[in-house]
Amino acid sequence: MRRISNIFWMSIKEFRTLWREAILLLLVLYAFGPGLYMESSGAGDMLNKAAVTFVDEDRSSLSRALQNALFPPRYLPPQEARADQIDRLMDWGETTFVVVIPAGFESDVRKGRSPSLQINIDATKTMAAAVGTGYLTATFNEEIRRFAARRDIAPEVPVDLVLRRSFNPAGNAVWLRSVSSLLNQLSVLTIVLTGAALIREREHGTIEHLMVMPVTAVEIALAKIFANSLLIFAAFLFGLFVVVEGALDVPFAGSEGLLMAGTAVYLFAAAAIGVLLGIVARTMAQFGLLLILVLNPIMILSGGMTPVESQPLWLQPITWLLPSRHFMEFATAITYRGAGFSVVWPEFLWTFLLGAAFLTISLILFRRSVTAG
């Protein structure tokens, strides 16, 4: 009971310190609010509400089919314009793409020729232009192929590839990116807040005061882990229910309670990493440099940015040592596939064991760091 009491009162001290740090609280609120929304929905490799204008000089059924092939939310409803309006539309930023369909386009397709479409691009919108060109080209090629095949103009292809997505029929990358963004925010803020809390004690000279009090290193570390993790967990609930399920309208197939339980385990592991970095670093500047070395691998190798299977073979076993990889595994399984505890318990266990290992290493170094300081 005494240990629990010590952890409780030191956690209260941490909460009071955090409450006086208005900038940190605003950072947490932004990260799980507007920041989470923009990272999930504003990704560069997805086209969203692109403005496309057609200069239709053919006025044929095929040219109309090309316009009707552009659907929201990837595109805005296509507009039409005259050829002499192209420069004005591009100069004033009223459209990103201007597609010119030349006269006789459908006739050339019927005759088995390969006519060209002209696509004018506003290259000042760099990412939208680069991504949108690929989407438009693929969409138009598919529509022309269908048109030609209906009239026996194009030969039959030997294989008809049909794609069926089990858990994301529309291929909406926002669904996966929302979970990846939650992981990024959890990792960054938990590690930063926990490590910074420990360094703040050292820089203010209060770490020595704690060490002469009737408390142990375990109690000091657990108090910082509990207080900072609880704050991040409350922000996570806001991000999950208000931003991911509310604003982004991401469907949830599994148990939200199970995901919250797994998140609590991951917060313990991430906070343990923060304590370890806070012990290794002697100043806040050193801590900032360590964050660059640690946070990037945590986010990149977790499987949220690139699938683990796409990473080099020698690197894949190393990702098992990252709690973030296991969080991504069970979070996507619960969210999209409706997995239960009987399926994800190994990932829960791995996350907890890795967190315990990081905490154990931290405690071994804790006394040594205080003595050296």
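In this predicted model, helices H11 and H12 cross in a right-handed sense. Helix H11 covers residues 256–280 and helix H12 covers residues 284–300. The two pack at an angle of about 145 degrees, and their axes lie 10 Å apart.

On the H11 side, the contact is made by Tyr-266, Ile-273, Gly-274, Leu-277, Gly-278 and Val-280. Helix H12 contributes Phe-287, Leu-290, Leu-291, Val-294 and Ile-298. Sorted by class, this contact comprises nine nonpolar residues and two polar ones, with no charged residues.

**Salt bridges**

Charged residues enter the picture elsewhere. Side chains of opposite charge can pair when their charged atoms come close. The structure holds eight salt bridges, including the three tabulated here.

| Pair | Closest N and O atoms |
|---|---|
| Arg-82 and Asp-84 | 3.2 Å |
| Asp-108 and Arg-113 | 3.0 Å |
| Arg-325 and Glu-329 | 3.3 Å |

The surroundings of these pairs may be described in turn. In the bridge between Arg-82 and Asp-84, both residues are exposed. For the bridge between Asp-108 and Arg-113, the two partners fall into separate classes. Asp-108 has a relative accessibility of 21% and therefore counts as partly exposed, because the buried class is confined to values under 20%. Arg-113, at 51%, counts as exposed, since that class begins over 50%.

The bridge between Arg-325 and Glu-329 is set within a single helix, H13, which spans residues 323–337. Its two partners are four residues apart, about one turn of the helix. Arg-325 counts as buried because its relative accessibility is 7%, whereas Glu-329, at 29%, counts as partly exposed. Elsewhere, Glu-142, Arg-145 and Arg-146 are joined into one network by salt bridges that share partners.

**A buried asparagine**

A further residue of interest is Asn-184, which is found in helix H8, residues 173–203. Is Asn-184 buried or exposed? Its relative accessibility is 5%, so Asn-184 counts as buried. Which residues does Asn-184 touch, not counting those up to four places away in sequence? With that exclusion, Asn-184 touches Glu-39, Met-299 and Met-305.

One of these, Met-299, falls within the residue range 284–300 of helix H12. That helix is the one that packs against H11, and its contact residues there include Val-294 and Ile-298.

How values were computed. Residues are numbered from 1 along each chain as its sequence is written. This is a predicted model: local features need pLDDT of at least 70, side-chain atom pairs count only at pLDDT 80 or more; totals for chains, interfaces and linings use all residues. Side-chain values use heavy atoms; hydrogens and water are left out. Axes are lines fitted to C-alpha atoms, for helices over the stretch in contact, and angles run from 0 to 180 degrees between N-to-C directions. A crossing is left-handed if the near helix is turned anticlockwise from the far one by less than a right angle, and right-handed if clockwise. Contact means heavy atoms within 4.5 Å. Ala, Val, Leu, Ile, Met, Phe, Trp, Tyr, Cys and Pro count as nonpolar, Asp, Glu, Lys and Arg as charged, and the others, Gly among them, as polar. A salt bridge is a side-chain nitrogen of Lys or Arg within 4 Å of a carboxyl oxygen of Asp or Glu. Buried means under 20% relative accessible area, exposed over 50%, partly exposed in between (1.4 Å probe, protein chains only).
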